[in-house]
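I am opening a fresh notebook page for a structure that I have not looked at before. The entries below record what I looked up, in the order in which I turned to each topic.

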Amino acid sequence: MPDLNQVKEAARRCLQADPGSHGWDHAERVRRLCQHIGEAEGADLQVLELAACLHDICRAEEKASGGVLCHARLGAERACRLLHEFGYDPETVQRVSECIASHRFRGSGVGPATLEARVLFDADKLDAIGAVGIGRAFVFAAEVGARLHNPEIDVLKTSAYSREDTAYREFSVKLRKVKDQMLTATGRKLAERRHDFMLAFFERLTREVLGKE
Ligand SMILES: [Fe+2]
Ligand SMILES: [Fe+2]
């Protein structure tokens, strides 16, 4: 009988090298979201649990290659080997691997083809928005030495990794588009709530920074 704890341990070891936004905490949040969305959508929760734990296990390799290698493709291959080793049946291994391979879909090529793959995709994207997304954006801004906020300039004309690469820039350039990328009805509903929260947060942040609140 395969043991989920073995899988979690293996994933945790792979993710140790990435303590930031894609470490084990991220995998855990994605796992919980997968349970929530998967249950509502009637997906296979075992496949989702395994896929969520393992989906980013090759990020370190992608980083080390300067983005040449794709962590989704590599991760799918490594997950196959691991799950096979841990005694999972070939069908489960295949289904988990499919989820991981397509979780990074960017709008071209073959997208997530199964229900479980669509749930993992949504869960992974959802973790970039809402209160968690705001938190992650500020952590990233601090890492690149960006300002707290910059409501007086057009952030769309500023560059990444600069002093102006604030959480608000991340929201304007990327995070505000995430709700339109959801692939399941439940994911869409959650994304809308998270989106509204981000809008309200940045509106208030601007008002406070301008001394109006
Ligand atoms: Fe990923
Ligand atoms: Fe991820």
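These entries go through the metal sites, the division of the chain and a few single residues.

**Entry 1, the kind of model.** I note at the outset that this is a predicted model, and I read every value below with that in mind.

**Entry 2, the iron ion (ligand 1).** I looked up which residues hold this ion, and I found that D56 (OD), H71 (NE2) and H103 (NE2) coordinate the iron ion (ligand 1) at 2.1 to 2.2 Å. Along the chain, these donors follow the spacing D-x14-H-x31-H. I then placed two of them: D56 is in the loop between α3 (45-54) and α4 (59-64), and H103 is in the loop between α6 (90-101) and α7 (115-126), so the pair ties together parts that are 47 residues apart in sequence. I also checked whether they are buried or exposed. D56 counts as buried because its relative accessibility is 3%, and H103 is buried too, with a relative accessible area of 1%.

**Entry 3, the iron ion (ligand 2).** For this ion I listed H26 (NE2), H55 (NE2), D56 (OD) and D124 (OD) as the coordinating residues, at 2.2 to 2.3 Å. The angles among its 4 donor atoms run from 84 to 172°, and the site is classed as irregular. In sequence, the donor residues of the iron ion (ligand 2) are spaced H-x28-H-D-x67-D. Here too the chain is linked across a distance, for H26 belongs to helix α2 (residues 24-41) and D124 to helix α7, 98 residues apart. Both H26 and D124 are buried.

**Entry 4, how the two sites are joined.** Which residue bridges the iron ion (ligand 2) and the iron ion (ligand 1)? I found that D56 does so, and that the two ions lie 3.5 Å apart.

**Entry 5, C58.** I went on to C58, which lies in the loop between α3 and α4, and which counts as buried at 2% relative accessibility. Leaving aside residues up to four places away in sequence, C58 touches H71, L74, G75 and R78; H71 is also one of the residues that coordinate the iron ion (ligand 1). I noted as well that the C-alpha atoms of C58 and E77 are separated by 9.6 Å, with their positions 19 residues apart along the chain.

**Entry 6, the domains.** I found the chain divided into domain 1 (1-106) and domain 2 (128-213). The centres of domain 1 and domain 2, taken over C-alpha atoms, are 27 Å apart, and the contact takes 9 residues from domain 1 and 8 residues from domain 2.

**Entry 7, the aromatic rings.** I looked up the ring pairs and found a count of 7 aromatic pairs. F138, Y168, F171, F201 and F202 are linked by ring pairs into a cluster. I also recorded that K125 lies over the face of F121, at 4.6 Å from the ring centre.

**Entry 8, Y161.** My last search was for backbone angles, and I stopped at Y161, which has a positive phi of about 60° although it is not a glycine. Y161 has its place in the loop between α8 (130-143) and α9 (167-173). Is Y161 buried or exposed? I put Y161 down as exposed, because its relative accessible area is 63% and the cut-off for that class is over 50%.

Terms used: Residues numbered from 1 in each chain as written. Chains lettered and ligands numbered in written order. Predicted model: local features only at pLDDT ≥ 70, side-chain atom pairs only at ≥ 80, totals over all residues. Heavy atoms only, no water. Donors = N, O, S within 2.8 Å, 3.2 Å for Na, K, Ca; no water. Helix = DSSP H or I, 4+ residues; strand = E, 2+ residues; numbered from the N terminus. Buried < 20%, exposed > 50% of the residue type's maximum accessible area, 1.4 Å probe, protein only. Phe/Tyr/Trp six-rings, centres within 6.5 Å; stacked < 30°, edge-to-face > 60°. Lys NZ or Arg CZ within 6 Å of the ring centre and 35° of its normal. Tetrahedral: all angles 85-135°; square planar, octahedral: opposite > 155°, others 65-115°. Domains from an automatic or database assignment. Contact = heavy atoms within 4.5 Å.
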